[in-house]
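Biologist: I am new to this model, and I would like to understand one part of it well before I turn to the rest. Please take a close look at its interior and at what surrounds it, and explain each term as you go.

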Amino acid sequence: DVDLSVEGDLVCAGVGSANIPAGNARYASTTGLPWADAIPLTTTATEFELNHAPRSDDANPAVKNLFFKLRVPTTGISGVCTNTLTIIAKADAEGGW
């Protein structure tokens with residue numbers, strides 16, 4: 001099993017533009033999950049249980065997707081928006097992080 005630590009921010013540089021709150025970005029290990037049901041991104045590392053089986057051999061790497069959805073604030077944004085997203089994966093251990 002693999003644990004992930006996920007954190008990020010979304011900054012917009014337009015004149016009079018607000019940044020996109022981190023919680024407006026959501027993630028899940030299931031495709032098609034509604035935005036409201038996904039996990040909100042935070043600006044501090046948050047543990048996420050990926051529930052991923054180890055690979056069976058060196059020729060077949062283990063793969064598991066992480067899906068993101070973004071909701072633009074109703075007040076709108078302008079200019080160029082950038083983000084920093086940090087994802088750290090590690091083997092699951094007793095007691096978590």
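**A close look at the core**

Modeller: The protein chain has an accessible surface of about 6200 Å², and 55% of this belongs to carbon and sulfur atoms; such areas come from the Shrake-Rupley method with a 1.4 Å probe, and for residues only the protein chains shown count as cover. The model is predicted, so to speak of local features requires a pLDDT of at least 70 and side-chain atom pairs count only at pLDDT 80 or more, while totals for chains, interfaces and linings use all residues. Residues are numbered from 1 along each chain as its sequence is written, and side-chain values use heavy atoms, with hydrogens and water left out.

Of the 97 residues of the protein chain, 24% count as buried, where buried means under 20% relative accessible area, exposed means over 50%, and partly exposed lies in between (1.4 Å probe, protein chains only). The secondary structure comes to zero helices and six strands, and from the N terminus on the elements run β-β-β-β-β-β; helices (H or I, at least four residues) and strands (E, at least two) are DSSP runs, numbered from the N terminus.

The largest nonpolar core has ten residues, namely Leu4, Val6, Leu10, Cys12, Ile20, Ala25, Tyr27, Leu41, Phe48 and Leu50. Two elements, strand E1 (2-12) and strand E2 (25-28), give two or more residues to this core, and E1 gives the most, with four. A nonpolar core here is a set of buried Ala, Val, Leu, Ile, Met, Phe, Trp, Tyr and Cys residues joined through side-chain atoms within 4.5 Å. In soluble globular proteins, nonpolar side chains tend to be buried together.

Strand E2 is covered on both faces, with Ala25 and Tyr27 buried on one side and Arg26 and Ala28 buried on the other. E2 also belongs to an open sheet of three strands in the order E3-E2-E5, with antiparallel pairing. Strand E3 (39-40) and strand E5 (67-70) stand at the edges with a single partner strand each, so one side of each is left without a neighbour in the sheet. Two strands are said to pair if DSSP finds at least two bridges between them; E2 and E5 do so over four bridges, and E2 and E3 over two. Alanine 28 stands opposite phenylalanine 67 in E5, while tyrosine 27 has isoleucine 39 in E3 as its bridge partner.

Another member of the core, leucine 41, is in contact with Val6, Glu7, Gly8, Leu10, Ala22, Gly23, Ala25, Arg26, Tyr27 and Leu85, leaving aside neighbours within four places in sequence; contact means heavy atoms within 4.5 Å. The last of these, leucine 85, is found in strand E6 (residues 81-91) and is partly exposed, with a relative accessible area of 35%. Together with Phe68 and Ile87, Leu85 makes a nonpolar surface patch of about 230 Å². Patches are made of residues with over 30% relative accessible area and no salt bridge (a side-chain nitrogen of Lys or Arg within 4 Å of a carboxyl oxygen of Asp or Glu); like charges are joined within 9 Å, and nonpolar side chains (Val, Leu, Ile, Met, Phe, Trp, Tyr) within 5 Å.

Some partly exposed residues touch or approach members of the core. Aspartate 9, in strand E1, has a relative accessibility of 31%, and its C-alpha atom is 7.9 Å from that of isoleucine 20, eleven residues away in sequence. Not counting residues up to four places away in sequence, aspartate 9 touches Thr82, Asn83 and Thr84.

In the loop between E1 and E2 lies alanine 18, which is partly exposed at 38% relative accessibility and, beyond four places in sequence, touches Cys12 and Ile77. Asparagine 19 lies in the loop between E1 and E2 as well; with a relative accessible area of 41%, asparagine 19 is partly exposed, and beyond four places in sequence it touches Leu10, Val11, Cys12 and Pro73. Glycine 76 is 58 residues from alanine 18 in sequence, yet 7.8 Å away in space, C-alpha to C-alpha. For the chain in general, residues 24 or more positions apart account for 70% of the contacts with a separation of 6 or more.
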